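The following exercises concern one protein structure. Please work through each task before reading its solution.

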Amino acid sequence: MERPRVVILGAGFGGLMAAKSLSRANVRVTLIDRQNYHLFQPLLYQVATATLSPADIAVPIRSILRDQANADVILGSVVAVDRIGRTVTLDDGRSLPYDYLIVATGARHAYFGHDDWEPVAPGLKKIDDATEIRRRILLAFEKAEAATDENERKALLTFVIIGGGPTGVEMAGAISELANKALMRDFRRIDPASARVILIEAGPRLLPAFPEQLSATTKSSLEKMGVEVRLGAAATRCTRDGVERGGEWIAARTIVWAAGVEASPAAKWLGLEGDRAGRVAVGPDLTLAGDPRVFVIGDTAAVAWRDGKLVPGIAPAAKQMGIYAARAIEATIAGKSVKPFRYSHQGNLATIGRRSAVIDFGRIRMTGPIAWLVWGAAHIFFLIGFRNRIMVMLHWMWAYVTFRQGVRLITGSTSLP
């Protein structure tokens with residue numbers, strides 16, 4: 001009898017964990033991703049700010065699964081899903097049959113109806129995004145060094161981050177440290193420490209998913225680092241010359257978008273209507289209503305949690321869903337009942353800068369150096385691959401001891417957008 005075919009779309013935290021959890025199951029696993037690597041997204045901002053190399057936070061998918069005999073890897077992009085015929089169609093025309101489908105295609109940037117802002121305010125979801133932002137940041141200092149017009153120099157040395165969630169906070173702190181520490185002695189005509197780092201958040205506080213006390217601590221810590229925090233008004237215009245917010249014009253040549261995400265086009269592929277963020281509603285067992293052979297997990301899924309909230313789009317949640325989907329498929333094949341998915345929240349973490357972070361473990365909340373050490377240990381633990389863990393630790397130790405970033409490379413064009 002032919003083994004059931006499990007097709008997994010996406011090799012992020014959820015998809016990869018589902019594939020690995022099926023390693024001993026009597027199934028054929030096919031993992032499809034448009035990239036050939038698994039990316040540790042929480043540390044992308046450190047690639048963007050020249051602390052880490054892309055290779056430090058990415059591992060080839062085939063390398064991860066090479067010892068898993070029941071798993072195949074396909075490089076390709078999904079364009080359609082036929083739920084009646086149970087097939088997945090790729091951009092090269094291939095059609096792959098499935099008995100069970102796990103959709104784990106993650107999220108992308110959301111510009112709230114202003115998609116024309118993307119060229120001047122890139123988000124941070126892929127390695128290409130990180131290296132492009134790194135290029136723009138480092139190039140801004142180079143252009144400022146050569147600038148003869150004072151207003152142009154000030155605009156080049158002004159960095160605006162839009163969005164006060166963890167990514168925005170981490171980016172703001174990292175750019176500030178880059179300017180004030182790593183680049184301090186590298187230039188002759190400009191003082192990198194004169195750079196302005198401005199963090200814009202439309203809501204009343206930073207890190208809205210954290211308790212208010214930790215939000216206040218974060219704001220205070222950033223301001224001590226020299227970051228200008230602007231709350232309570234959204235950006236209303238973004239151009240190559242700057243950002244408009246609440247009637248204020250901020251001249252800046254480098255803008256980073258960290259204000260929102262939306263799910264991949266999975267709802268469209270499945271012939272469903274997504275929620276406002278494009279997420280697909282699933283039942284307690286993470287399957288579609290009326291279609292128990294299709295699981296949707298991670299950032300792509302709208303999963304009920306508690307107090308009317310949804311399970312947050314973070315790595316631990318995606319990994320738990322991936323493990324659950326794999327176990328549910330095994331149970332279904334064996335004719336056993338499947339218990340509802342139950343999310344175990346492991347807390348929220350965000351780093352602010354050197355020896356500074358905030359952590360919310362529910363009853364336990366931490367700030368400062370201890371929180372920073374816990375944050376670092378947690379991220380190293382979640383990295384896949386011994387080499388990656390060692391390299392990240394070495395880079396962090398080097399940056400901590402020398403105050404220097406190790407990957408200050410400008411790749412691609414030497415022109416700003």
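A residue is called buried when its relative accessible area is under 20%, exposed when it is over 50%, and partly exposed in between (1.4 Å probe, protein chains only). Helices (H or I, at least four residues) and strands (E, at least two) are DSSP runs, numbered from the N terminus. The structure is a predicted model, in which local features need pLDDT of at least 70 and side-chain atom pairs count only at pLDDT 80 or more, while totals for chains, interfaces and linings use all residues. Residues are numbered from 1 along each chain as its sequence is written, and side-chain values use heavy atoms, with hydrogens and water left out.

**Exercise 1. A covered strand**

Task: Determine which residues of strand S11 point one way and which the other way.

Solution. Step 1: Strand S11 covers residues 158-162, and 5 of its 5 residues are buried. Step 2: Thr158, Val160 and Ile162 point one way, whereas Phe159 and Ile161 point the other way. Step 3: Strand S11 runs parallel to strand S12 (residues 196-201), and 5 bridges join them. Two strands count as paired if DSSP finds at least two bridges between them. Step 4: Within this pairing, Val160 has Ile198 of S12 as its bridge partner.

**Exercise 2. Two open sheets**

Task: State the strand order of the sheet of 3 strands and of the sheet of 6 strands.

Solution. Step 1: Recall that strands of a sheet pair through backbone hydrogen bonds, either parallel or antiparallel. Step 2: The open sheet of 3 strands is ordered S6-S7-S8 and its pairing is antiparallel. Its edge strands are S6 (78-82) and S8 (95-97), each of which pairs on one side only. From one strand to the next, the twist averages 20°; for such angles, axes are lines fitted to C-alpha atoms, for helices over the stretch in contact, and the angles run from 0 to 180 degrees between N-to-C directions. Step 3: S6 and strand S7 (residues 87-90) run antiparallel and are joined by 4 bridges. Asp82 stands opposite Thr87 in S7.

Step 4: The open sheet of 6 strands has the order S5-S2-S1-S9-S21-S20, with mixed pairing. Strands S5 (71-75) and S20 (287-288) stand at its edges with a single partner strand each, so one side of each has no neighbour in the sheet. Step 5: S20 pairs with strand S21 (residues 291-296) in the antiparallel sense over 2 bridges, and Thr287 has Phe295 in S21 as its bridge partner.

**Exercise 3. The span of a helix**

Task: Compare the expected span of helix H6 with the distance between its end C-alpha atoms.

Solution. Step 1: The expected span is 1.5 Å times one less than the number of residues in the helix. Step 2: Helix H6 (residues 166-182) has 17 residues and should span 24 Å; its end C-alpha atoms are 22 Å apart, which agrees. Step 3: The helix is largely enclosed by the rest of the structure, because 12 of its 17 residues are buried. Among them are Gly168, Met171, Ile175 and Leu178.

**Exercise 4. Salt bridges**

Task: Describe the salt bridge between Glu152 and Arg253, and state which parts of the chain it ties together.

Solution. Step 1: A salt bridge is a side-chain nitrogen of Lys or Arg within 4 Å of a carboxyl oxygen of Asp or Glu. By this rule, the count is 21 salt bridges. Step 2: In the salt bridge of Glu152 with Arg253, the closest N and O atoms are 3.0 Å apart. Glu152 lies in helix H5 (residues 150-156) and Arg253 in the loop between strand S16 (248-251) and strand S17 (254-257), so the pair ties together parts that are 101 residues apart in sequence. Step 3: Glu152 is partly exposed at 30% relative accessibility, whereas Arg253 is buried at 11%.

Step 4: For a second example, the side chains of Asp92 and Arg94 meet in a salt bridge with an N to O distance of 2.7 Å. Asp92 is partly exposed, with a relative accessible area of 46%, and Arg94 is partly exposed at 36%.

**Exercise 5. A residue in a loop**

Task: Locate Arg205 and decide whether it is buried, partly exposed or exposed.

Solution. Step 1: Arg205 is found in the loop between S12 and helix H7 (212-224). Step 2: Its relative accessible area is 23%, so Arg205 is partly exposed. Step 3: Arg205 and Ala304 are 99 residues apart in sequence and, C-alpha to C-alpha, 25 Å apart in space.
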